[in-house]
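Visitor: Please take me on a close look at one part of this model, and show me how that part relates to its surroundings. I would be glad of the cut-offs behind each term as we go.

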Amino acid sequence: MRPNIIIDGHCHLASSHCIPFEFFRGVASNTARQITHQGITSNVDSITKMLIAQHSDHMADGLVSQMDEAGIAKSILLAPDFTFVFKTETSIAEIAAQHLEVRKRHPDKFYIFQGVDPRWGKEGYDFFEKTVGEYGFEGLKLYPPCGYSPSDKALYPLYEICRDKGLPVLLHTGPTTPTLSFEFANPYLIDTAAKDFPDINFILAHGGINFVEEAKLLCKYRPNVYLDISPFPVVMSSEGWESHLESLFKQQINHKIIFGTDWPVYSKKKRDQTPNGKSFL
Amino acid sequence: MYKDKVIELIQKVQVNSHNLEINNNSRFVEDLGFSSLNSIMLITLIGQTFDISIDDHLESLIEIQTVGDTVSYIHKIKLVGA
């Protein structure tokens with residue numbers, strides 16, 4: 001049954017202010033390797049510049065336009081905290097303020113999940129409390145490949161805030177930019193925290209396309225664990241994303257599956273998601 | 001003459017576009033299914049094929065959304081010898 005409204009459960013502000021140069025550079029190194037093997041000569045510096053140039057939608061006007069065209073009523077904007085591990089020109093506080101401005105500019109369009117690296121300690125705790133209190137943000141975004149387990153006890157004070165306010169926690173799973181370690185990318189790492197905080201809903205970002213078997217099992221047997229399917233068009237499946245999702249939807253965990261695009265990694269627009277002409281939405 | 005070459009480059013970076021009619025009004029994302037990676041590949045190829053400096057024209061090339069506008073932009077650059 002088609003839902004009354006469509007919510008994109010996983011997207012980002014396509015703004016170079018929110019993503020560190022080293023993150024782009026890692027993605028560019030993979031891209032350069034890929035397109036060189038397709039016979040296109042390029043280099044990491046050039047691709048890095050192009051990636052940064054593609055992230056100029058600082059106030060989300062382009063994003064809202066795509067949402068409207070795709071029939072998406074609302075999106076969850078995720079603001080991961082890379083500032084502990086990468087040198088950045090923009091602080092995490094400034095990134096949060098930018099997201100707040102975006103929401104003011106586009107009322108009723110966005111929920112915001114704020115990222116905090118647990119190694120900021122009390123400073124990070126106070127910051128997160130401010131974003132979900134004063135700013136009214138609606139969840140916590142974690143990026144374990146920055147170098148911590150999502151069940152690290154240093155996160156528990158943040159989880160206590162989420163539990164007390166009834167907020168969800170979304171954590172990245174799977175490989176990412178090669179300038180980060182993939183050591184903490186496995187979804188099973190959330191299990192201790194999910195068991196210790198049964199009242200918090202934990203969402204495995206990309207769980208429908210990365211470590212899918214592990215994510216499926218966690219969703220099936222841990223009541224408070226969910227997964228999202230972003231960015232499903234690029235799933236590594238020889239049968240294509242349609243067949244992959246069809247299989248996922250037959251696992252009796254449909255009540256745990258959240259739609260997401262991972263914009264700007266992948267477009268919300270129908271054709272972009274459906275090179276063979278089929279449409280998800 | 002630029003249009004045929006641009007279409008050839010599009011078909012190289014987005015193999016699924018072979019089955020689609022490509023004309024001046026074709027939009028890269030909406031009509032041809034371009035991802036951000038496809039855009040990077042096409043801009044790289046345009047730079048190499050038409051001897052255009054990507055650094056000098058990146059901002060404009062990133063913003064172009066249709067095949068026709070791409071062809072027009074290449075014409076303009078080649079006319080002024082940039």
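**A close look**

Guide: Let's begin with A:Arg105, which is partly exposed, with a relative accessible area of 46%; with a 1.4 Å probe and protein chains only, buried means under 20%, exposed over 50%, and partly exposed in between. Before going on, please keep in mind that this is a predicted model, in which local features need pLDDT of at least 70, side-chain atom pairs count only at pLDDT 80 or more, and totals for chains, interfaces and linings use all residues, while side-chain values use heavy atoms and leave out hydrogens and water. Residues are numbered from 1 along each chain as its sequence is written, and chains are lettered from A and ligands numbered from 1 in the order in which they are written.

A:Arg105 forms a salt bridge with A:Asp61, with the closest N and O atoms 2.7 Å apart; the term stands for a side-chain nitrogen of Lys or Arg within 4 Å of a carboxyl oxygen of Asp or Glu. A:Asp61 lies in helix 3 of chain A and A:Arg105 in helix 4 of chain A, so the pair ties together parts that are 44 residues apart in sequence. Helices (H or I, at least four residues) and strands (E, at least two) are DSSP runs, numbered from the N terminus. A:Asp61 is itself partly exposed, at 35% relative accessible area.

Helix 4 is our part, then, and another salt bridge belongs to it: A:Lys104 and A:Glu101 meet through their side chains at 3.7 Å, N to O. These two are three residues apart in helix 4 of chain A, and are separated by about one helical turn. A:Lys104 counts as exposed at 56% relative accessibility, whereas A:Glu101 is partly exposed at 40%.

Now turn to A:His99, which has its place in helix 4 (residues 92-105) of chain A. This residue is buried, with a relative accessible area of 1%. Beyond its neighbours within four places in sequence, A:His99 is in contact (heavy atoms within 4.5 Å) with A:Leu13, A:Cys18, A:Leu77, A:Leu78, A:Ala79, A:Ile112 and A:Phe137. A polar atom of the A:His99 side chain also lies 2.8 Å from the backbone oxygen of A:Ile95.

Stepping back to the setting of helix 4, chain A has 10 helices and eight strands. Its radius of gyration is 18 Å, close to the 19 Å of the globule rule for 281 residues, so chain A is as compact as a globular protein of that length; the radius is taken over C-alpha atoms, and the rule is 2.2 Å times the number of residues to the power 0.38. Of the 281 residues of chain A, 55% count as buried. Among contacts in chain A between residues at least 6 apart in sequence, 76% join residues at least 24 apart.

Finally, look across to the partner chain, where 26 residues of chain A are in contact with 26 residues of chain B. One salt bridge is counted between chain A and chain B, and B:Asp55 forms it with A:Lys49, the closest N and O atoms being 3.2 Å apart. Helix 3, the home of A:Asp61, is among the elements that give two or more residues to the side of chain A that touches chain B, together with helix 1, helix 2 and helix 10. Helix 2 gives the most to that side, with seven residues.

Note on methods. A polar contact is a pair of N or O atoms within 3.5 Å; within protein, one must be able to donate a hydrogen and the other to accept it, and residues adjacent in sequence count only if both atoms are side-chain atoms.
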